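Reader: I am new to reading protein models, and I would like to go through this one slowly. Could we begin with the structure itself?

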Amino acid sequence: MKKNKIFLTVIFVVLMSFSSMAQGGGIWNFNWNMGFPIGSTKDFISSPSFRGFSIEGRGFVTDKITVGGIGAWSVFYENLEWSLQEQNTTTTYGYKRRYLNIMPLMVTAHYYFSQGQIQPYIGTGIGPYYIESRDFMGLYYIQGKEWHFGIAPEVGIIMPFGSSNAGVNVNFKYNYAAKTKNQPSYSWIGINIGISYIF
């Protein structure tokens, strides 16, 4: 019940922030997300992720500041092939692989340094990450399903196509999802490339 309340609260805040777009214009971003694990994430899966996407809306509340929200999905996967695993007094041999499915739903705020042909910005997102982990050994696996509180500071740039409302968006993001009672913290560096629509 508590998790549902958190989810609905974030949805409400995101929708309220989107309503500001009607007043001063805004930006839609559609990105391909790549992730490079660090910290305890790298201990679990060391391979980078190239399977991810995000949709983000930002509304201008001043000439240089936007608020909005982002929804995304990324998958980390690593094939450890045939492995021996020792636990207590038991040794298991099997085909080992690991997955992380990550879905953030965050409120965002950004500051733009200029509004010209090149628009550099800094910003951050805050909100929950839903993370599902699976650690397979043969047909069997250990699974974790948790909502993590997280933060995602970023730096990026939007480069419009000439005088059109569309452009390229590139950003670098540090994703951090805090540990929960049953699951560790997760962190990774995101490199995101996509299309922006400015209105």
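**Cores and surface**

Author: In this predicted model, a good starting point is Met106, which has its place in strand E4.

Reader: Is Met106 buried or exposed?

Author: A residue is called buried when its relative accessible area is under 20%. Because the relative accessibility of Met106 is 3%, Met106 counts as buried.

Reader: How far apart in space are Met106 and Ile151, C-alpha to C-alpha?

Author: Along the sequence, Met106 and Ile151 are 45 residues apart. In space, going from C-alpha to C-alpha, the distance between Met106 and Ile151 is 8.4 Å.

Reader: Which strand gives the most to the largest nonpolar core?

Author: The largest nonpolar core has 13 residues, and among those that touch the most other members are Leu100, Ile102 and Trp188. Strands E3, E4, E5 and E8 each supply at least two residues of this core. The strand that gives the most, with three residues, is E4.

Reader: How many residues are in the other core, which lies apart from this one?

Author: Among the members of that other core are Ile27, Phe60, Ile158 and Ile198. Its size is six residues.

Reader: Is Ile65 buried or partly exposed?

Author: Ile65, which has its place in strand E3, helps to make a nonpolar surface patch of about 600 Å², together with residues including Val61, Tyr111 and Phe172. Values between the 20% limit for buried and the 50% limit for exposed are called partly exposed. Since the relative accessible area of Ile65 is 33%, Ile65 is partly exposed.

Terms used. Residues numbered from 1 in each chain as written. Predicted model: local features only at pLDDT ≥ 70, side-chain atom pairs only at ≥ 80, totals over all residues. Heavy atoms only, no water. Core = buried A, V, L, I, M, F, W, Y, C linked by side-chain atoms within 4.5 Å. Buried < 20%, exposed > 50% of the residue type's maximum accessible area, 1.4 Å probe, protein only. Helix = DSSP H or I, 4+ residues; strand = E, 2+ residues; numbered from the N terminus. Patch = residues over 30% accessible without salt bridge, like charges linked within 9 Å, V, L, I, M, F, W, Y side chains within 5 Å. Areas by Shrake-Rupley, 256 points an atom, 1.4 Å probe, with all protein chains shown as cover. Salt bridge = Lys/Arg side-chain N within 4 Å of Asp/Glu carboxyl O.
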